[in-house]
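Visitor: I would like to learn how to read a structure like this one, feature by feature. Could you walk me through it?

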Amino acid sequence: MESCYAYLLGNNDPPLQCVVDDLSGLIASPMEELALTNQSITNLELELRALKSKRKQLRSTALEEYLIITSPIRRLPDDILSEIFYQCIHSHRNPLMSASEAPVLLTRICSRWRSVALSSPELWARLHIPFCDNYLLCDAANEPTIPQGDDKNGNAEEEGRRAYEVLSKRVVVIKEWLERSGSRPLTLSLRYQDYDYDLETNTVSCDAPNSPTITLYSTLLLQSDRLQSLELNMGVVTYRRLESLLKVDRLLSLVEVKVIFDPQVSPPGERDGKNDPVLLFKAPHLRHLSLGGQDGEGGSYIRQFFPVPRPTNLAQNGKVLTYFYSNLTLTYEEGFDLLFECSNLISCQFRLKISSHDSDDDSTRFHKKAYLPNLTSFATVDECGDKEVLVRHFYVAIDAPNLEFFNYQFAEYPCWVDVNETHPNFSIVHLLRKAVQLKKLTIDAIFFDNKNVGQVLSALGPAVSRLVIGDDHMLPDFKARAPFSRIFSGFDSDSILDLGLLIVDQESTHSANVLLPNLQILEVPSRPVLPSVLVRILTSRMDATAQGRCSPPRVIRAMIREGTMPRVDEEMEVYKRRNMVIRRYVEDLKLDIRYVERQAGRLDPSYGLPKDSFIE
């Protein structure tokens with residue numbers, strides 16, 4: 001633009017006629033060029049439209065049919081096609097009896113695909129079975145079983161008849177499905193939801209011998225010799241009825257069992273069997289056992305209906321068991337008995353609590369050693385207790401020389417907890433000192449003061465490459481946690497987590513003086529750290545790496561109070577520019593810093609106001 005006209009852009013005044021005449025002369029040539037460009041675009045769009053029309057005509061001719069005939073997938077051998085079909089099956093769960101997903105979907109494409117799918121038994125060796133007893137809303141004569149006044153929805157009769165029809169057909173489909181699997185080992189999951197359930201007495205009704213449920217049980221148990229993995233999610237009484245048809249000597253292929261039981265009470269006249277051992281756990285080759293279910297006050301609620309397995313109730317006293325997971329709370333004695341007898345465990349996770357009958361004098365029960373030479377992964381979730389001596393003896397009695405992964409968490413955080421108060425269950429250092437092969441430690445340090453945390457770090461061996469101090473998000477169903485804001489309300493300076501022990505002394509040149517020399521991943525998600533200490537940890541370890549004394553830090557995830565200086569990312573950038581030798585270590589470092597606001601104290605002007613009340 002001509003500089004003499006630029007001032008007109010700064011206001012909205014009408015231009016003089018002479019200015020309009022001058023500008024009209026200046027824009028004549030560009031306007032002509034713009035018109036030519038628009039015409040070229042129009043011509044190209046017409047040409048493109050003509051080409052698309054031609055393409056559509058070509059596709060509508062025999063060419064498209066020829067391409068279909070010569071498609072490579074039509075020439076794939078049946079065994080390759082079958083393998084492709086198998087890869088379509090969900091890997092994280094069992095397939096559904098649904099036409100919208102494999103393998104049923106694959107039978108609805110063409111006759112050849114249907115033939116290949118039906119002749120591929122591995123496609124039908126896994127199945128998820130949803131079932132219920134809504135048909136009990138009607139009796140054998142299709143008459144409603146709920147009095148009219150108790151039928152809240154007013155459609156019990158219709159729902160009962162429909163449920164009987166649907167579930168009866170479902171049993172037929174299940175039978176055909178399992179027949180297609182040939183002789184393959186079976187992986188089944190059964191989710192059984194009880195409708196006729198008295199919430200006041202936890203009582204479930206009886207079932208007729210020819211009901212869809214009993215027919216389902218009979219169908220499944222015909223294949224019991226092929227059962228390899230079984231997952232059950234149902235009420236305890238409903239399971240006991242299934243168990244009454246079981247024969248343990250036919251469960252020769254069963255290696256994995258996962259049960260999630262809900263509390264139920266047997267109806268009058270029916271034996272509840274709540275203290276009887278679970279027959280499934282007696283399968284002679286059972287190696288993986290997982291226990292779930294509702295675990296209420298102190299873990300005692302579900303235990304009224306379902307006995308926690310003792311080693312004597314497992315096949316070969318648990319000697320063949322390699323994986324054990326329990327969301328049901330065990331006492332320390334029960335947990336130790338399992339560890340002592342199940343000496344071939346590779347992975348173990350359970351919740352622990354102090355029994356109301358326990359005392360520190362009972363610690364003599366752990367005088368023997370639980371030797372676990374194959375245990376590589378161990379996780380415990382403690383419920384708060386006050387029997388320090390008893391808990392310490394529990395961990396002292398465990399000998400796992402090849403332990404590689406240890407996770408120590410807490411089940412609940414009461415909102416009145418003082419984060420500076422030492423937790424009495426601080427006894428895991430005895431186990432850590434013996435775990436010289438440990439590679440990853442996850443520890444919930446909310447109840448630990450900085451002295452305790454220092455003792456934990458000092459107890460670790462040089463093999464540790466990953467350290468997580470805080471809540472473990474890998475165990476979402478394994479614990480119930482209080483909200484973060486309730487735990488950490490009212491931080492003071494002592495709540496800052498001190499990790500100064502991880503700073504490498506630069507005056508010493510010996511690698512033996514470096515604590516955790518192989519540490520590469522550090523995660524502190526639940527307690528704030530000082531950014532200055534974190535920067536010193538990173539820089540000192542990178543300097544030591546350049547000297548060949550330790551491994552470089554690669555991943556750091558930490559929580560820092562908002563406004564605390566210095567900024568870790570900025571400091572590391574400055575450090576990189578000053579020291580070109582360690583430049584690549586900084587560039588490879590992944591920093592995940594979460595800045596959190598400090599909770600307002602009682603003397604702060606903003607105390608008592610929610611965050612959303614501050615509108616900028």
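Visitor: Let me start with a helix. Which residues in helix 11 (residues 450–459) are buried?

Guide: Happy to begin there, with the reminder that this is a predicted model. A residue counts as buried when its relative accessible area is under 20%. In helix 11, that applies to Asn-452, Val-453, Gly-454, Val-456, Leu-457 and Ala-459.

Visitor: What covers the buried residues of helix 11?

Guide: The cover includes helix 10 (429–434), together with strand 14 (440–443) and strand 15 (466–469).

Visitor: And how do I set that against the whole protein? What share of its residues count as buried?

Guide: Of 616 residues, 43% count as buried. The secondary structure of the protein comes to 15 helices and 18 strands. Among contacts with a separation of 6 or more, 82% are between residues 24 or more positions apart.

Visitor: Let us turn to strands. How many residues of strand 1 (residues 126–132) are buried?

Guide: Five of the seven are buried, so strand 1 is largely enclosed by the rest of the structure. The next step is to look for its pairing: strand 1 and strand 2 (residues 186–193) are joined in the parallel sense over seven bridges. To place yourself in that pair, find Phe-131, which stands opposite Tyr-192 of strand 2.

Visitor: Which strand can I follow on to from strand 2?

Guide: Go to strand 5, which pairs with strand 2 in the parallel sense over six bridges. Here Leu-188 stands opposite Leu-230 of strand 5. Strand 5 (residues 227–235) has seven of its nine residues buried, so it too is largely enclosed by the rest of the structure. From there, seven bridges join strand 5 to strand 6 (residues 256–262), again running parallel. Met-234 has Phe-261 in strand 6 as its bridge partner.

Visitor: Can we zoom in on a single residue in one of these strands? Is Leu-127 buried or exposed?

Guide: Leu-127, found in strand 1, is buried, with a relative accessible area of 0%. To see its surroundings, set aside the neighbours within four places in sequence: Leu-127 then contacts Asn-94, Pro-95, Met-97, Ile-174, Trp-177, Thr-187, Leu-188 and Ser-189. You have already met Leu-188, as the residue opposite Leu-230. It also helps to compare sequence with space: Leu-127 and Leu-178 are 51 residues apart in sequence and 8.6 Å apart in space, C-alpha to C-alpha.

Visitor: What about a charged residue? Is Lys-576 buried or exposed?

Guide: Lys-576 lies in helix 14 (residues 568–578) and counts as buried, at 11% relative accessibility. Beyond its neighbours within four places in sequence, Lys-576 contacts Ile-582, Arg-583, Val-586 and Glu-587.

Visitor: How do I read two helices that meet? At what angle do helix 3 and helix 4 cross?

Guide: Compare their axes. Those of helix 3 (residues 78–87) and helix 4 (residues 111–118) come within 10 Å and cross at roughly 75°. That makes helix 3 roughly perpendicular to helix 4. Helix 3 contributes Asp-78, Leu-81, Ser-82 and Phe-85 to the contact, and helix 4 contributes Arg-112, Trp-113, Val-116 and Ala-117. By type, these residues divide into five nonpolar, one polar and two charged.

Visitor: Which backbone features should I check in the loops?

Guide: Most residues other than glycine have a negative phi, and most peptide bonds are trans. In the loop between helix 3 and helix 4 you will find Pro-103, and the peptide bond from Ala-102 to Pro-103 is cis, with omega near 5°.

Visitor: And where does Leu-516, with its positive phi near 55°, lie?

Guide: Leu-516 is in the loop between helix 12 (484–487) and strand 16 (521–528), and counts as buried at 2% relative accessibility. Asn-317 also has a positive phi, of about 55°. Asn-317 is in the loop between strand 7 (288–293) and strand 8 (323–331) and counts as partly exposed, at 37% relative accessibility.

Visitor: Last one: what does UniProt place at residues 34–61?

Guide: The unreviewed UniProt entry places a "coiled-coil region" there. In the model, residues 34–61 are 96% helix and 0% strand, with the end C-alpha atoms 41 Å apart.

Definitions and conventions. Residues numbered from 1 in each chain as written. Predicted model: local features only at pLDDT ≥ 70, side-chain atom pairs only at ≥ 80, totals over all residues. Heavy atoms only, no water. Axes fitted to C-alpha atoms, helices over the stretch in contact; angles between N-to-C directions. Helix = DSSP H or I, 4+ residues; strand = E, 2+ residues; numbered from the N terminus. Parallel < 35°, antiparallel > 145°, perpendicular 65-115°, else oblique. Contact = heavy atoms within 4.5 Å. Nonpolar A, V, L, I, M, F, W, Y, C, P; charged D, E, K, R; others polar. UniProt positions renumbered as here; feature names shortened; annotations may be inferred. Buried < 20%, exposed > 50% of the residue type's maximum accessible area, 1.4 Å probe, protein only. Pairing = 2+ DSSP bridges.
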